[in-house]
Amino acid sequence: MQILTRFIPLLITGIAGLVMIISAFIPYTSEWGQKAGQFFNILAAFAFVLGGGNLLKVHLKKISDQSVGWGYSGVVLICFIATLFVGLFKIGAYPNPNFPNVPFSGETQGTGSWFWWAYEYVFKPLTATMFSILAFYVASAAFRAFRAKNFEAILLLGTAFIILLGSVSAGVFVTNWIPNDGPFGDLRLENLRIYIMQVFNTAGTRAIMIGIALGIASTSLKIMLGIDRSFLGSGD
Amino acid sequence: MLQMKKRNTLPALACATFAVLVSLLAASVEAAPPEPPTNLAAIDKPWDGGGVVFVTWDASTTPIDQLQGYEILAKDLGQTPVELADQTAEQADLEAKDQTETILEGEGVAPQEARQRARIAEEADPAVPVVEPTTWQSLGIISATETSYEATGLEKDRQYIFTVRSIGSDKSLSMMTTPTEPVVPEAAWFNLSKLPLLIALCVISFAVLLFVVLARGGMPMNIRTIAGLKAVDEAVGRATEMGRSILYINGIQDMDDLQTVAGVTVLGHVSKTAAEYDAKIEVPTSRSLVMTAARETVQSSYFSAGRPDAYNPDLIYYVTDEQFGFVAYVSGMMTREKPAACFYMGSFFAESLILAETGNSVGAIQIAGTANPSQLPFFVAACDYTLIGEEFFAASAYLSGQPDQLGSLKGQDIGKMLAGLFIIVGVVLATIQAITGSSGLEDAVNYLKEVILGS
Amino acid sequence: MSAVSEPMSPRQRATWAVILGVCIILIVIRCFIGEGMGKVYVEPTNLQFGELSADTWKSMDQSEFATFVASNPDAATEQWTQYDSVPPSAYFEQQQQGGGGSIFLSWPRTIGLWLAAFFTLAIYSFLYRDNPFYKFAESVVVGVSAAYAMVVGFWDTIVPNLIQRLLPQFAHDHLTPGMTLPTDAAQFNNLIFLLPLALGIMLLCRLVPKGAWMSLWPLAFIVGTMAGLRIVGYTEGDLLSQVRDTISPVYVPGADTSTPFMAVWTTIWSSVAACLLVIGVLCCLVYFFFSVEHKGAVGGVARVGIWYLMITFGAAFGFTVMGRIALLAARFEFLFDDWLWLIDPNQKRALVETVSMLMCL
Amino acid sequence: MMNFLNTLDRRWIFLAMALCVGVPILVIGLTGYTFPETPTPLAEAFFNEVDTAGEAKGRRANILVALDFDPASAGELNPMAVSLVHQCAQKGHRMYFISLWPVGPQMIMESVDKVIKRHYPEMVYGEDYVNLGFKAGNEQVIKVMGIDLTTEFRTDVEGTTLSKIPMMQGITNLEDFDLIAEISAGYPGSKEWVLYAATQYNIPFVSGMTGVQAPQLYPYFPNQLQGLLGAIKGAAEYEFLVNNWVREDAMAKVLEAGGFPESKAMETAAALASKPQQVSTWTVTAEASTLGPEAKTKLIELATAPIPGEYLEGQRRMGPQLFAHLLMVFLIILGNVIFFAQRRRGGGA
């Protein structure tokens with residue numbers, strides 16, 4: 001059992017990683033990376049079945065236990081099954097006009113199909129609204145977190161302040177008196193904003209990216225060599 | 001041209017016929033199309049990844065000041081096997097996807113969603129392919145001082161013929177030269193232009209491995225304190241004291257993202273501490289593969305903590321793949337269960353702030369770690385501790401406390417030192433070059449940038 | 001502000017109740033004035049297709065179709081009606097001209113629109129506190145989005161990447177008739193896709209208690225290949241390229257040469273910028289050093305690195321705000337424009353503009 | 001008071017944010033009134049470049065309008081495209097539309113429908129504007145257009161051969177255009193146009209782009225890039241400039257027709273446009289005595305007529321932005337006031 005659950009998976013990881021590295025340098029195999037990406041997409045699609053199975057299990061259990069809020073689990077299940085049904089079978093979708101005799105040839109999300117309805121009137125408003133909630137959280141985070149506790153915090157809030165003001169006309173108005181062509185033109189808020197982005201933001205982002213690249217390289221190595229294998233459940 | 005004639009013919013009525021002759025002569029010389037270049041040759045570029053051909057020729061006999069440049073054209077002679085067409089389409093598809101990702105990354109949408117939107121947009125108006133492979137295609141125009149051209153972007157298993165024509169300063173085109181023999185821009189077995197990349201990889205790997213081996217040999221590894229990691233035990237302890245749960249979010253990307261893998265590793269340590277303290281740890285995931293990996297990790301943590309009975313796989317579950325559907329669920333759950341500690345370790349997009357603000361409103365200790373630079377500001381603003389970029393990858397090594405893992409961090413430091421060294425040397429050289437204008441230094445800087453760091 | 005929202009004082013709660021009450025009253029009033037609100041109108045189009053020869057179909061208009069059917073009684077035909085949403089103004093115009101047109105009110109879409117508005121408000125209600133409306137919306141979005149991901153995964157990944165390659169004839173006949181059938185040689189190459197199929201099936205063994213170990217193999221495969229791909233990708237794309245981009249002279253001649261003073265001044269200004277950039281990258285790199293404690297000189301440099309990082313984060317925060325506000329504005333526009341018919345920036349209902357004026361008073 | 005602020009429930013912040021975004025949308029939507037923008041030099045440069053195009057050569061300008069974006073970024077970029085077409089149409093420039101993005105033609109159609117078909121119906125397709133459609137090939141297309149436009153574009157979007165289109169006479173390559181105006185959402189976009197067209201052939205080039213892209217393009221201003229609009233803010237500024245100028249231009253035309261000398265007409269029109277509510281009182285002064293009654297009503301109409309909704313999209317979107325940003329700034333200040341007040345109290349205790 002140890003061989004099947006430890007040794008072989010580690011071997012697969014190591015060999016697969018090595019092959020991918022080599023293929024990057026050998027032109028004949030350069031498409032392998034792309035193929036691996038496709039394989040991953042297929043596996044991820046298979047994983048949906050696993051996810052769907054888990055979802056069913058979790059919510060059926062809640063319903064059968066009659067645990068708190070089991071009614072909502074019922075809503076999840078009904079929505080899940082209904083959407084899956086109308087989507088997989090393309091209910092109400094018109095065929096592709098070039099092949100009107102093949103019912104499954106149409107767009108899954110073609111206007112007028114049931115799946116389109118679910119996307120347009122349920123999925124889209126719900127996710128877009130959830131996304132837009134960020135505008136509120138941005139405000140409460142600014143109120144709470146941007147306090148001049150120390151020099152670092154002053155830099156953080158000062159920069160955010162300049163950028164926020166510099167991107168509306170009110171900010172432009174504040175430093176309007178500085179002549180744009182003169183020696184201090186770059187101190188106008190709208191110009192200062194560009195300066196910050198070009199100099200400080202670029203410097204910080206570059207260093208972060210260099211660090212991340214090194215972190216990824218070292219993590220990959222550890223994974224391929226089997227030093228880090230916690231994802232296989234053999235962490236320590 | 002037109003103006004010149006006007007200017008010259010008017011005085012010609014009054015002045016000497018000589019002037020007329022000269023001006024007419026000049027006009028006729030200019031009006032004739034330039035001479036085409038000669039001695040055209042094309043060779044496949046050796047030691048490359050395929051798809052590149054060198055085209056060389058002898059300059060046109062037309063004086064250089066009357067030429068605007070040369071236009072290089074190629075004709076594709078290869079057939080179009082279905083498979084090949086398939087591959088090209090796939091390639092284009094992938095490129096389009098990459099393009100959408102880079103555009104939408106700034107907007108905080110996870111790549112899958114971005115692709116989805118791009119697809120919907122494209123379906124609305126599908127692009128019409130406009131390639132006519134059997135005609136002469138212009139590859140580009142280069143200055144008249146050049147007599148060679150590197151044709152790139154060709155298909156590596158197809159035949160091409162090339163031709164060149166001169167373009168006069170008045171835009172007139174010469175005849176095309178006799179086309180070259182067919183050339184196949186084949187791929188070599190090793191792509192020499194990637195040698196610097198291979199060396200860089202080897203150096204980093206060597207540095208990491210060296211320190212791993214040294215650490216195993218007993219060399220002490222001192223690593224600086226990382227504030228966020230010190231707080232992990234504290235957070236788990238607090239959750240135990242308060243009798244509330246720990247929430248662990250492993251990012252919203254799949255196992256193909258190494259941040260997710262690093263997050264799973266950190267989860268191993270957090271869950272081990274939780275098992276020791278007997279705290280409840282809940283892990284909703286947005287991918288079922290992550291759920292699979294997380295269950296393995298947590299189970300083995302409970303085993304090694306000696307509490308296999310306390311392990312409950314139902315607390316590690318899949319919610320939905322969709323970014324904001326997942327967030328809607330997690331924020332609702334947070335307000336209901338009020339976890340005492342929240343960990344966000346992995347790849348996050350716009351949801352970072354929604355999670356962190358909700359966690360804050362229920363009074364949880366929050367520790368985040370991500371390598372998505374665009375989301376760091378939000379975690380830094382809203383969480384108690386944030387592992388920034390590389391610190392996040394260092395976390396798993398640091399938490400494990402194993403010498404060989406710590407050794408890998410030293411290896412990373414070597415990488416940073418080399419990067420810093422290259423930057424300093426390069427900047428000094430480039431600055432001296434900019435002040436003195438020395439062409440020797442310019443070559444040196446270009447060599448450093450284009451060849452050593454180019455690939 | 002306290003971290004945990006404390007129970008509200010009765011006075012605050014009363015204020016909220018008044019705000020909510022006013023909103024509800026306004027919406028109810030809105031329902032009963034003018035042309036109403038939140039309706040979607042559609043216009044039907046009849047589509048007819050006739051099969052000219054095997055697998056070649058042609059879209060035809062009414063008369064063409066009639067002649068085609070008359071002359072080819074045995075030919076296969078298909079027809080259906082497609083409904084397209086039209087702006088309400090088109091419907092009002094039709095009614096003004098005495099009605100009788102083909103545009104009509106679509107109940108499924110109207111209900112959908114109201115549902116969308118309800119869900120929007122339900123999600124926003126979470127900002128006040130958790131409540132049954134939010135819980136309902138949350139359950140719906142979880143269920144629908146999980147299924148949505150599966151459906152898209154099936155039609156966009158499994159069908160083109162797996163079924164088209166392994167069962168091309170079946171895919172061509174029943175699912176994607178537009179595809180080109182591969183040649184025999186290409187079909188042989190496609191057999192490599194049996195590998196992900198096998199791995200996929202192993203992955204599903206997780207659902208069987210005894211087969212859980214099998215799912216580790218595909219997991220190992222994914223993590224291994226991706227580790228190999230990423231180590232190359234990041235070294236090339238991020239490490240080398242970022243170092244390369246940083247190498248540039250710190251002496252930059254100024255752009256403005258109108259006066260000698262400005263020439264010198266802009267040179268100083270842009271050279272300082274270039275210097276600051278390089279110093280910033282180096283200091284931040286020092287901050288990420290793990291081998292040395294942040295004490296003494298290293299500590300000082302690392303501190304400068306933190307300053308840079310803080311400015312970076314502040315700037316990124318401020319820059320993102322603009323986009324987030326736009327998202328919120330888009331949702332509000334949906335509520336005010338599509339649902340409540342209060343505003344009409346895109347002139348979709350030119351005729352009912354008076355109603356909003358009335359509301360304004 | 002301090003105590004209330006100190007324990008301020010974040011729901012009040014949410015309410016404030018909702019009001020700051022919702023109320024401006026509602027008010028702007030109901031009244032059509034938008035906030036005046038203060039145009040930055042970048043937007044002014046963009047406007048002036050389009051305004052003076054072709055003047056040096058003393059001819060009707062040929063403008064290459066490249067719309068390289070898709071619906072995902074239309075919110076930010078559509079107002080720019082609409083204002084650009086609006087300015088060109090009012091000025092009488094010839095417009096040549098192209099796109100390097102597959103969905104670009106749809107964006108071109110939208111701008112043409114909104115501006116030309118609705119407000120300038122007298123403009124003739126093929127004489128005043130032409131839609132050359134989408135071309136695949138990214139920067140290669142630009143390179144080839146530099147030398148010969150017809151190798152890439154053989155027909156327009158409807159399939160008409162270019163030689164049969166009147167306004168294509170005399171257009172062989174990029175140098176025949178007086179200005180390239182581009183709206184960009186990424187690659188291929190502004191950067192490619194700067195590198196392969198503006199720098200190479202020294203053609204005036206102006207560009208509007210998304211906020212994410214803008215910082216990368218600033219270094220090219222003003223040498224290779226003569227005007228730049230960044231994000232919705234840039235769009236609103238430019239829109240404001242164009243709308244004001246269009247009103248002024250229309251008034252000047254009426255005044256000129258009424259016998260005013262050209263320079264005087266422009267001067268008066270500028271003065272009147274800046275104070276539209278005073279136009280009706282101005283028409284009864286002695287200065288306006290030369291004008292006929294028709295011209296007078298026309299002037300008053302021009303001054304008071306609301307600007308059509310499609311020309312205000314950018315400024316409309318700036319309304320909520322302005323208030324939300326001010327709220328954020330206010331919140332940051334408030335947070336710090338509370339913080340320092342608390343610290344002082346804590347220090348005293």
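# Touring a predicted four-chain model: questions and answers

Q: How many residues of chain A are in contact with chain C, and how many of chain C with chain A?
A: This is a predicted model, so it is good to keep that in mind as we go. The two sides of this contact are counted separately. Chain A brings 119 residues, and chain C brings 112.

Q: Which helix of chain A gives the most to the side that touches chain C?
A: Several helices of chain A each supply at least two residues to this side, among them α1, α2 (32-65) and α3 (70-88). Others on that list include α4 (114-132), α5 (134-145) and α6 (151-166). With 25 residues, the one that gives the most is α8(A).

Q: How many charged residues does the side of chain A that touches chain C have?
A: Let's go through the classes one by one. This side has 81 nonpolar residues and 33 polar ones. The charged residues on it number five.

Q: Is α1(A) roughly parallel or roughly antiparallel to α9(C)?
A: Helix α1 covers residues 2-25 of chain A, and helix α9 covers residues 216-246 of chain C. Their axes come within 7 Å and cross at roughly 30 degrees. Angles under 35 degrees count as roughly parallel. The crossing angle therefore makes α1(A) and α9(C) roughly parallel.

Q: What is the handedness of the crossing of α1(A) and α9(C), and how many nonpolar residues are in their contact?
A: The crossing of these two helices is right-handed. Their contact includes seven polar residues and no charged ones. The nonpolar residues in the contact of α1(A) with α9(C) number 18.

Q: Which helix of chain D gives the most to the side that touches chain C?
A: Chain D meets chain C through 24 residues, and 24 residues of chain C take part. Helices α2 (10-31), α10 (231-257) and α14 (313-348) of chain D each supply at least two residues to this side. By class, the side has eleven nonpolar, eight polar and five charged residues. The helix that gives the most, with nine residues, is α2(D).

Q: Which strands are the edge strands of the open sheet β4-β3-β6 in chain B?
A: This sheet has three strands with antiparallel pairing, in the order β4-β3-β6. Strand β3 (residues 67-76) pairs with β4(B) over five bridges, and B:E71 stands opposite B:I141 in β4(B). An edge strand pairs on one side only, and here those strands are β4 (137-142) and β6 (160-168).

Q: Which helix of chain D lies across β3, β4 and β6 of chain B?
A: The strands it lies across belong to the open sheet of chain B, whose order is β4-β3-β6. The helix runs at about 70 degrees to β4(B). It spans residues 139-147 of chain D and is α6.

Q: How many of the eleven residues of α12(B) are buried?
A: Of the 455 residues of chain B, 49% count as buried. Helix α12 (residues 390-400) of chain B is mostly covered. Its buried residues include B:F392, B:F393, B:Y398 and B:L399. The count of buried residues in this helix is eleven.

Q: Is D:K275 buried or exposed?
A: D:K275 sits in the loop between α11 (262-274) and α12 (279-282) of chain D. A residue counts as exposed if 12 or fewer other C-beta atoms lie within 10 Å of its own. D:K275 has 11 such atoms, so D:K275 is exposed.

Conventions
Residues are numbered from 1 along each chain as its sequence is written. Chains are lettered from A and ligands numbered from 1 in the order in which they are written. This is a predicted model: local features need pLDDT of at least 70, side-chain atom pairs count only at pLDDT 80 or more; totals for chains, interfaces and linings use all residues. Two strands pair if DSSP finds at least two bridges between them. Helices (H or I, at least four residues) and strands (E, at least two) are DSSP runs, numbered from the N terminus. Two residues are in contact if their C-beta atoms, placed from the backbone, lie within 7 Å. Axes are lines fitted to C-alpha atoms, for helices over the stretch in contact, and angles run from 0 to 180 degrees between N-to-C directions. Angles under 35 degrees count as roughly parallel, over 145 as roughly antiparallel, 65 to 115 as roughly perpendicular and the rest as oblique. A crossing is left-handed if the near helix is turned anticlockwise from the far one by less than a right angle, and right-handed if clockwise. Ala, Val, Leu, Ile, Met, Phe, Trp, Tyr, Cys and Pro count as nonpolar, Asp, Glu, Lys and Arg as charged, and the others, Gly among them, as polar. A residue is buried if 20 or more other C-beta atoms lie within 10 Å of its own, exposed if 12 or fewer, and partly exposed in between; C-beta atoms are placed from the backbone.
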